[in-house]
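Hi,

Here is the structure I promised to pass on. Please open it first, and then read on for what turned up in it.

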There are 2 protein chains.
Amino acid sequence: MKDNLVITISREFGSGGREIGEKAAKELGIPFYDRAIILKAAENSGLSEDFIETEEQRVTNSMLFNLSTGGMASQNFQFMSDQIYIAQSRAIREYADEGSCVIVGRCADFILRDDVKCLNLFIHADKYFKLNRIMHKYALDQSAAEKMIKESDKKRSRHYRFYTSMEWGNKENYDICINSGKLGIENAVKLIVDAAQNY
Amino acid sequence: MKDNLVITISREFGSGGREIGEKAAKELGIPFYDRAIILKAAENSGLSEDFIETEEQRVTNSMLFNLSTGGMASQNFQFMSDQIYIAQSRAIREYADEGSCVIVGRCADFILRDDVKCLNLFIHADKYFKLNRIMHKYALDQSAAEKMIKESDKKRSRHYRFYTSMEWGNKENYDICINSGKLGIENAVKLIVDAAQNY
C-alpha cells in the first residue's frame, strides 16, 4: 500500500465477509479488528466485555421497540446503546490512527469518513451460498439458518441506519461491492489485496 | 486469464464505465466491443447501422409508451425493438465464442449467463463526479447535464428490465460493483485487470 489505508468491511451474514477480511489482512500483513474492538471499547469505557458483547447482539431490535414505546426503558436503553457506540467509535479511531488495518462492521466506514483514507467494501452473496455456509457453520437446518440470516441482516441494517442515517448495503455508500457467492472466497480475498495495493 | 473470460460492463451514464472497460481491455490485450456490436448486428440482421443506432437511442421510452397505449404502433415498434435485441444478442454470442473480451452494455451479462464464463461488473459514481464528466465531455451546463444523465440511466434501466426481468444496477446481479467516483478511473481499470487475471 502506498499510504496508511483502513479497509472497512460491511457484510451480509453468511457471505464470508469476516473470513475474507481476515485473510486479506493476513496477506497484506496488517492487523484485523473485529472482536478486538469490543475489548478496546471495554477498556476505554469501563463497561465489561461481556456486557458490550451481549448488548451488541440485541442492540437494534430492542432499541427500536423501546424508542417506539417512548418510555423510560427507551431512554435507559438508548443511553447504554449510545455509550457502546461512542466507546466503539473511539476504539475504531484509535486503531485507524495506529496505521493500516482491516476493520469489520460497526459502522467503521461512517465513523472514519472524514479523517482517514479508507477503502470501504460491502460483501454480499446469493441466498444459497449464505444458507450453505450457515447451515454447516452452526449445524442448523435450512429453516433455522434462513431465520438466523434474516434476523442478523435486519439488525445490521437497522443499527447502521440508526447511527449513520444511510442505507446499509446500498452500493452508493461503498467503494467496491463484492459478490462472494459468485467470485468465491479466495478470489474475493485477492481482489481486496490487489485493490489495497493499488489504492 | 486462466480461461476464456468475457467481462461485461454495465454502467451509469457519466461514470466512465466505457472508458474503464476500454482501458482494461487494452491492458489485458483482449478485444473491446461497444459500437462493434451495432455493426455486427447490422451485418447479421440486414438492418442498417444507422437504423439500429437511432432505434437504440430511443428504444425504451417509446417502447413503454407504445406498450401502454396497446395500439398498432406498439406492435410495430415492439417488433423492431425485438429484432434489434435478437440481432445484438447473436452478435454478442458470436464475439463471446471467439474468446476473451470486454463487452459494454446491451444486457450482455444476461445474454451470456448460461453459456460463457463471465465477470459481470457494474460501474457507478456519485452525482458530482458524473456531472463533471458530462458537462466537460458534451460542453453542457449543469442543468442540461443532469437531465442527460437522468434520461440516459432511465432508458438503460427500463431496457434492461424489459429484456431481462431483473433490476439494472442491483448489486445482487453483478460480481463486482465499482464506485469509479471514489476509486478513480485508473484504479477501477487496475481492479478489473487484476480481477480478470485471478478469475
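Let me begin at one spot in the sheet: B:Arg11 has B:Ile123 of E4(B) as its bridge partner. That bridge belongs to the pairing of E1(B) with E4(B), which run parallel and are joined by six bridges. Strands here are DSSP runs of at least two residues and helices (H or I) runs of at least four, numbered from the N terminus, and two strands count as paired if DSSP finds at least two bridges between them.

Before going further, a word on the basis: this is a predicted model, in which local features need pLDDT of at least 70 and side-chain atom pairs count only at pLDDT 80 or more, while totals for chains, interfaces and linings use all residues. Residues are numbered from 1 along each chain as its sequence is written, chains are lettered from A and ligands numbered from 1 in the order in which they are written, and side-chain values use heavy atoms, with hydrogens and water left out.

The sheet

On its other pairing, E4(B) runs parallel to E5(B) over four bridges, and B:Phe122 has B:Cys177 of E5(B) as its bridge partner. The sheet then crosses between the chains: strand E5 (residues 176-179) of chain A and strand E5 (residues 176-179) of chain B pair in the antiparallel sense over three bridges. In that pairing A:Cys177 is matched with B:Cys177. Altogether, 10 strands form an open sheet with mixed pairing, in the order E2(A)-E3(A)-E1(A)-E4(A)-E5(A)-E5(B)-E4(B)-E1(B)-E3(B)-E2(B). The edges are strand E2 (32-33) of chain A and strand E2 (32-33) of chain B; each has a single partner strand, so one side of each is left without a neighbour in the sheet.

E4(B) and its surroundings

Is E4(B) buried or exposed? Seven of its seven residues are buried, meaning under 20% relative accessible area (exposed is over 50%, partly exposed in between; 1.4 Å probe, protein chains only). Both faces are covered, with B:Cys118, B:Asn120, B:Phe122 and B:His124 on one side and B:Leu119, B:Leu121 and B:Ile123 on the other. In a regular strand, side chains alternate between the two faces of the sheet.

B:His124 counts as buried because its relative accessibility is 0%. Leaving aside neighbours within four places in sequence, its contacts (heavy atoms within 4.5 Å) include A:Lys171, A:Glu172 and A:Tyr174 from chain A, and B:Glu12, B:Ser15 and B:Cys177 from chain B.

Helix H1 (residues 17-28) of chain B lies across strands E1, E2, E3 and E4 of chain B, running at about 165 degrees to E1(B); that angle lies between N-to-C directions on a scale from 0 to 180 degrees, with axes fitted to C-alpha atoms, for helices over the stretch in contact.

Between the chains

The contact takes 25 residues from chain B and 25 residues from chain A. About 2,100 Å² is buried between them, 47% of it from carbon and sulfur atoms; buried area is the accessible area (1.4 Å probe) that two parts lose on being put together, summed over both. B:Lys171, B:Asp175 and B:Asn198 supply 26% of the area that chain B buries against chain A, more than any other three residues.

Two salt bridges are counted between the chains, a salt bridge being a side-chain nitrogen of Lys or Arg within 4 Å of a carboxyl oxygen of Asp or Glu. B:Asp175 and A:Lys182 meet in a salt bridge at 2.8 Å, N to O.

Salt bridges across the sequence

The structure holds 22 salt bridges over all chains. A:Asp34 and A:Arg106 form one at 2.9 Å, N to O. A:Asp34 lies in the loop between E2 and helix H2 of chain A and A:Arg106 in the loop between E3 and helix H5 of chain A, so the pair ties together parts that are 72 residues apart in sequence. Both residues are buried, and they belong to a network of salt bridges with A:Arg18 and A:Glu22.

In chain B, B:Arg133 forms a salt bridge with B:Glu19, the closest N and O atoms being 3.0 Å apart. B:Arg133 is in helix H6 (residues 127-138) and B:Glu19 in helix H1, so parts 114 residues apart in sequence are tied together. Helix H1 of chain B also holds B:Lys23, which is linked to B:Glu186 of helix H9 (residues 185-198), 163 residues away; the side chains of B:Glu186 and B:Lys23 meet at 2.9 Å, N to O.

Best wishes
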